[in-house]
Amino acid sequence: MPKGSKELTDARRKEIVDACQELYQSMSFKEITIKEIGKVISFTRTSIYNYFQTKEEIFLALLQREYAAWNEELDQAAEKTGTMTVEDLAEFLAETLSRREQMLKLVAMNMYEIEENSSLECLVEFKKEYRRTVELIDRCLRKVRPDLSDRECWEFKYEFFPFVYGIYPYTSVTEKQLEAMKEAGFTYVPASVSETVRMLVQRLLG
């Protein structure tokens, strides 16, 4: 590998993912294409294929970065000295997830398509980061409730992570959806990410 090539590769991959993140603030997953990403990077659009084969791989890298950032916070909580109560853990998870709106949006709306259209290599790298998330949640659980059995910890995670995947649609409702619910006679009760996470964690851990 020529000198500097790894640094260049890392820098260009980051620029591509940053561009995708920027576009995702105002465009939908469907609207974002390699061509659109190519318009906001500093090098040629065709060069993107040297780093990612599909737009889904770019979104997967973005999602992996989101999990990595969350993992840093989870690791600090797991390593922190002193006791942590159920209420502390509920508040911590509620606070940290409320800052991960982009992650919640991706996993709720596009996860299957992103994984299906990414290479095995990219998917493995993402799953490694996700595995770390699961392990860190387990460490936090055992810190709060050392009395829990392996089975009980597994049951918590089996309920918690699917719940995380479904948070976004319940807490981010469009005007069109609100109007449709109103006309359908459906009573919508607004709830924030932090409220829903806090409520679930406290219920699961009693």
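**Exercise 1. Two buried partners**

Both Asp138 and Lys157 are buried. This is a predicted model. Find out how the side chains of Asp138 and Lys157 meet, and which helices hold them.

*Solution.*
Step 1: Look at the side chains. Asp138 and Lys157 form a salt bridge, with 2.9 Å from N to O.
Step 2: Place each partner. Asp138 belongs to helix H7 and Lys157 to helix H8, so this pair ties together parts that are 19 residues apart in sequence.

**Exercise 2. A pair within one helix**

Work out how far apart Glu125 and Lys128 lie along helix H7, and whether Glu125 is buried or partly exposed.

*Solution.*
Step 1: Count along the helix. The two residues are three apart in H7, about one turn of the helix.
Step 2: Check the contact. Their side chains meet in a salt bridge at 3.3 Å, N to O.
Step 3: Check the accessibility. Glu125 has a relative accessible area of 37%, so Glu125 counts as partly exposed. Lys128, at 44%, is partly exposed too.

**Exercise 3. A network of charges**

Which residues do salt bridges with shared partners join into one network?

*Solution.*
Step 1: Start from one pair. Arg99 and Glu95 meet in a salt bridge of 3.1 Å, N to O.
Step 2: Follow the shared partners. The network consists of Glu66, Glu73, Glu95, Arg99 and Arg100.
Step 3: Set this beside the total. The count for the structure comes to 21 salt bridges.

**Exercise 4. Cysteines without a bond**

Why does a search of the whole structure find zero disulfides? Use Cys20 and Cys122 to reason it through.

*Solution.*
Step 1: Recall the cut-off: a disulfide needs two cysteine sulfur atoms within 2.5 Å.
Step 2: Compare the distance. The sulfur of Cys20 is 13 Å from its closest cysteine sulfur, that of Cys122, so the two are too far apart for a bond.
Step 3: Add the surroundings. Cys20 is buried, at a relative accessible area of 0%, and Cys122 is buried at 17%.

**Exercise 5. The largest pocket**

Describe the largest pocket: what is its volume, and which helix supplies the largest share of its lining?

*Solution.*
Step 1: Take the volume, which is about 480 Å³.
Step 2: Look at the lining. Of its 18 residues, Arg13, Val17, Phe52, Ala61 and Gln64 lie nearest the centre.
Step 3: Trace the helices. H1, H3 and H7 each supply at least two lining residues, and H3 gives the largest share, six residues.
Step 4: Sort by class. The lining has seven nonpolar, four polar and seven charged residues.

Definitions and conventions: Residues are numbered from 1 along each chain as its sequence is written. This is a predicted model: local features need pLDDT of at least 70, side-chain atom pairs count only at pLDDT 80 or more; totals for chains, interfaces and linings use all residues. Side-chain values use heavy atoms; hydrogens and water are left out. On a 1 Å grid over the protein atoms alone, a cavity is a set of points where a 1.4 Å probe fits but cannot get out, and a pocket is an open set with protein on both sides within 12 Å along at least five of seven lines; lining residues have an atom within 4 Å of a point. Grid points are joined across faces, edges and corners, and a volume is the space filled by probe spheres set on the points. Helices (H or I, at least four residues) and strands (E, at least two) are DSSP runs, numbered from the N terminus. Ala, Val, Leu, Ile, Met, Phe, Trp, Tyr, Cys and Pro count as nonpolar, Asp, Glu, Lys and Arg as charged, and the others, Gly among them, as polar. Buried means under 20% relative accessible area, exposed over 50%, partly exposed in between (1.4 Å probe, protein chains only). A salt bridge is a side-chain nitrogen of Lys or Arg within 4 Å of a carboxyl oxygen of Asp or Glu.
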